[in-house]
Structures are given as structure tokens and as C-alpha cells.
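Student: I am new to this structure and would like to get to know it. Could you walk me through a few questions?

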Amino acid sequence: MGARTAQEYLQGLRDGREVWIGGESVKDVTSHPALRRGASSLGGWLGRQHEAELRDVLTFPSPESGEHVGMSFLRPETRDDLGKRSAAFLESARWSGGMLGRTPDYLNSSVMALASASEFFTAVNPEFGRNIQAYFRHLRENDVVLTHTLVNPSVNRRLTDQGIPSSQVALQIVRHTDRGIVVRGARLLATLGPLADELLVFPSTSLKDDPSSTRYAFAFAVPCATPGLRFLCRDSYDTGRPVFDAPLSARFEEMDAVVVFDDVEVPWERIFLLEDPSSCNSVHSATNSLIHMMHQVVCKNIAKAEFMVGLLCAMTSANQRDRAPQTQAQIAEAMCVVELMKACLTASEANARPDQWGTMTPDRMPLDAARNVFPQQYQRLVELVQLLGSSSLMATPAQADLTSAIAGDIETYFALENLESPQRIGLFRLAQDVAVSGFGARQALYERFFFGAPERVASMLFQAYDKEPLTRRIFDLLGRPDGFAEGQRDTVSGARDGR
Ligand SMILES: Cc1cc2nc3c(=O)[nH]c(=O)nc-3n(C[C@H](O)[C@H](O)[C@H](O)COP(=O)(O)OP(=O)(O)OC[C@H]3O[C@@H](n4cnc5c(N)ncnc54)[C@H](O)[C@@H]3O)c2cc1C
């Protein structure tokens, strides 16, 4: 099949999956008002793979079928391959201004790396090595859209912080069958869950490494329409407003859902790790899947920061604040974020090395720095939109007002010297959707947490960082002779001693 069209993707979502929102069971996510336009946008995202001028940027011929498949499935063997991957990530992320955070290339990158490191799984069980490779081929050839859940809900934080899941709620194995395993419990938090084709259930990396954890230790994948699987959605930020009124929330509602597993059977061929806490704890870092996910994420960060700079420039050009050095300094802060993210991407590719399986792997540290810095910087970018938008973010009548009895007021009182009223209102409604709306607040929360709690993410960088040479330099300095030039030593010590 290869890269899918929007219609093929939307048709695939009509599969009887169980999705709940606002007390209602959703019959068809592609027609439900809370989810319909988000699904349609993701369809548009996939459909771009077929546009003539983008085909060679977004796809490549599958080594197996020859069909064009998504570039995120390309296993990089050279730096040039990495460049092709990031060019596709950037092209894709710029399309939504980075506001469609969970595009399929994120998890495709993860599974590409997992399958390339299939020996990691084979070492645990040869069947698991074959399973992950077959699963990757299935994703690539059918352009499957994935969501994932990593985190167990917690009833007792004191225990979960020690790697002991809450047995009442955490997802766990309840029995083995001839066909596979049966699991019960819940997982947080599947972004895109109701709009994905399949669900990856991977371990979060903090299980206690002893037999008490084995029933919580697994990695598998199931279709979203698997019997017993339920997606419990939050409120939708797409409230049905016209695109003019809600330029982002009307388009890019990707939805987040808690996933309940009500005795879900997982077939053996979709199991990648089982009852082995140690391999579960190390899977993301040992296979380098984390690095390839960060490589996609830094491109999303670039696109999102660029979008914010463009917005700030458009706003301040409209209200003519951009002549003030103070405003320029504020926007320069945002420009620095763009350039820092780009520098991290460039450095990660320039210093890329093949890993032990021959997969060209970006340098981790610049990407890890980017994923630690961006969550804070994004909050500042939002704050800059608020600071520079001020009351214009509230002076935002709706599209319906433009043709109503008060249309004259709007024409008179909302125009700027260089912008007609409808354009000014449209621009500031966009800014409002970024910085004030529920959609905007969720974006800020997403950036803070989607990769994990900030302390944990920072601690991972700390642990991976090569600290020893830097620490040694400190002790070398303390231990070496002072190094003053010949003849200076006495003078300096004399001055210090007051002689
Ligand atoms: C919008 C959004 C989308 C998401 N999408 C996904 C997804 O698609 N798939 C997925 O698997 N997960 C997803 N997540 C969940 C994400 O993985 C978790 O939010 C993240 O791992 C943090 O876990 P938590 O929410 O349980 O918060 P906690 O770990 O409870 O953190 C809550 C607060 O406590 C702090 N904290 C954490 N540990 C300690 C400690 N030991 N001592 C003191 N303070 C501490 C944290 O910094 C934070 O401020 C998403 C989250 C959000 C908000």
C-alpha cells in the first residue's frame, strides 16, 4: 500500500473502536464534532505525501515493496540519510506551525530505531526480535498511525516513585492464553489515541528490577479497535467555531485520552518484551529509540519557535510596536530560541555516528539539551505573545460580528493604519488561540510534560553526560603548580602576603 491518502486514513478509523467523550460513546470519530476536524487535519498531513513537489521530501521507495513510504521509516545509514529525515520532519512540522505535536513521524522514528536494534530484543527472546522487525514492516508498508502510552496511573506516589506500580490501577498481565497474554488496568496518556490506528504500549523506564515487577513489565502493540480497549477523552478544544474564530483549535485538536484495558488480549506476534523488568527499563536508551524521537522533536521545536517569531513579527508590525528597541529585544529573545534549536539539530547531525547496529545515530547531547530547554522556552514564547498582544488579544469579535448589525462599529474601531479590521481581528484571534485559549494552554502543558516530568528528563541528561573529563579538569587545576611566568611567583605571593 505505501503512503496513505487522507481518505484511506479516515476510512480506517471507522472500525468500531470504543471512544468516550463527555458521557457519550462515539460511534464514528471521523464525524463526531469533537474529533472530526482533528482527524481531517491528520488526513491532510498524510495526504501531503502524495503532492508532486513534496513526494521526494516526505517519502522514499520502500526497500521491500518499492512503494513510496513515509521518510520517517527510512533507516539512516549515512549523515545524508539523517538530513533527509530531518528535512521531512521540518517540512511536516512547519505545515501546522508545530501545533500538531503528535504527527506519526514521532513514533515511526521510535519503531524504526527499535527494529534496527532488533538484536536487543532477540537477546531476550528470538521471537521478540522477529516480532519487532515484522511490526516495523507492517507500519511502513501500511502507513499505520500510532499512539502510545507509557505511564501507569498512580494511587500511591510514595511507592510508584520507588518503581512499584499501584496494583489497583496499573496495567498488568492477568493471564497467559494459547494466543498471547491478557492485560488489565489503565495507562496515561495517549495523545492522538482516538485518531490513531494502533496503540504502542511500552514501559516507562522506572520499574523495580525484581520479580514483584514482572507482571507490569512488557512492550506490545494492539489495534485501537481491539475488544476491551477504551479511550476516555478529555474535553475537546474544537468547539465547532469557524476556522476564522479559532484558527488553531478548529484545525489541530489532536486529543489526549486515558486508555482502559478491560481484559485485552494481546497476540504473541505483537509482543516485543515480556516479564523482564531489566530489559523494559533499558529499552529506550539501549536501542537509541529515544535519540531518534528527539531528532524528530527538535524539528518540531524549530517549526514551533519559527511560528511564534512569525506571529510576534506580524502582530508588532500590525500595531507598529516593532519600531521600539524594547519590542525588538523581546522578539530577538524568540529568534534566539529558533537559532538555538537549529544549532542543536545541526550539531546532532554533524557529530552523528553509526551505532552498534549500523544505524546512523545523531549525537545525543545537543538533542537532549534541546528537549530540556524548549519546554521552558515555549512558556516564554507564549508570554511574549501575551505581553506584545495585550488587549488586542481580547479585542477579537467573531466572524459572525463582521456581517452583523455591528459591522460598522467593527470597520471603524478595529482597523489599524496598515491593516483592515477583518485582517487585524483574524491575526489577533490566531494569537489568542496560541496564548489565551484552552487549546493554547494545552499546548503549553504538552511542551512541559509530553516527554516526562521535567526533573526526570533533566536527570536523564545528567546521567548520560560525560562528566568525568570536566570534573578531572577541576582537580587538575587544583593540583598543578601555579603556572606563573618565571620571576613572577614571589612578587605575586609577596603582594598577597602583604610584603
Ligand atoms: C498534553 C500531554 C500529552 C501527553 N501525551 C502522552 C502520550 O502521548 N503518551 C504518554 O505515554 N504520555 C503522555 N503524557 C504523559 C506524560 O508522559 C506524563 O505527564 C509525564 O510522564 C509526567 O507524569 P505525570 O503526569 O504522572 O506527572 P508527575 O510525575 O506526577 O509530575 C507532577 C509534578 O510533580 C513533579 N515531580 C515528579 N516527580 C517528583 C518527585 N519525585 N518529587 C517531587 N516532585 C516530583 C513533576 O515535575 C511535576 O511538576 C502527556 C502529558 C501531557 C500533559
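Student: Is phenylalanine 73 buried or exposed?

Tutor: Happy to help, and keep in mind that this is a predicted model. Buried means under 20% relative accessible area. Phenylalanine 73 has 1% relative accessibility, so it counts as buried.

Student: Where is phenylalanine 73 placed, and which residues does it touch?

Tutor: Phenylalanine 73 sits in the loop that runs between strand S4 (68-70) and helix H4 (79-95). Leaving aside residues up to four places away in sequence, its contacts are Phe60, Arg85, Asn108, Met112, Phe136, Leu139, Arg140 and Asp143.

Student: Which residues does UniProt list for "domain: HpaB/PvcC/4-BUDH C-terminal", and how far apart are the end C-alpha atoms of that span?

Tutor: The unreviewed UniProt entry lists residues 280-478 under that name. This span is 75% helix and 2% strand. Its end C-alpha atoms are separated by 42 Å.

Student: What span should helix H10 have, and what is the distance between its end C-alpha atoms?

Tutor: H10 covers residues 289-318, which is 30 residues. At 1.5 Å a residue it should span 44 Å. The model agrees, because the end C-alpha atoms are 44 Å apart.

Student: How many of the residues of H10 are buried?

Tutor: H10 is largely enclosed by the rest of the structure. That follows because the buried residues number 24 of the 30.

Student: Which residues make the nonpolar surface patch of about 460 Å²?

Tutor: One of them, leucine 477, belongs to helix H18 (residues 468-479). The full set is Ile474, Phe475, Leu477 and Leu478.

Note on methods:
Residues are numbered from 1 along each chain as its sequence is written. This is a predicted model: local features need pLDDT of at least 70, side-chain atom pairs count only at pLDDT 80 or more; totals for chains, interfaces and linings use all residues. Side-chain values use heavy atoms; hydrogens and water are left out. Buried means under 20% relative accessible area, exposed over 50%, partly exposed in between (1.4 Å probe, protein chains only). Contact means heavy atoms within 4.5 Å. UniProt positions are given in the numbering used here, feature names are shortened, and annotations may be inferred rather than shown by experiment. The expected span of a helix is 1.5 Å times one less than its number of residues. Patches are made of residues with over 30% relative accessible area and no salt bridge: like charges are joined within 9 Å, nonpolar side chains (Val, Leu, Ile, Met, Phe, Trp, Tyr) within 5 Å. Accessible areas come from the Shrake-Rupley method with a 1.4 Å probe; for residues, only the protein chains shown count as cover. A salt bridge is a side-chain nitrogen of Lys or Arg within 4 Å of a carboxyl oxygen of Asp or Glu.
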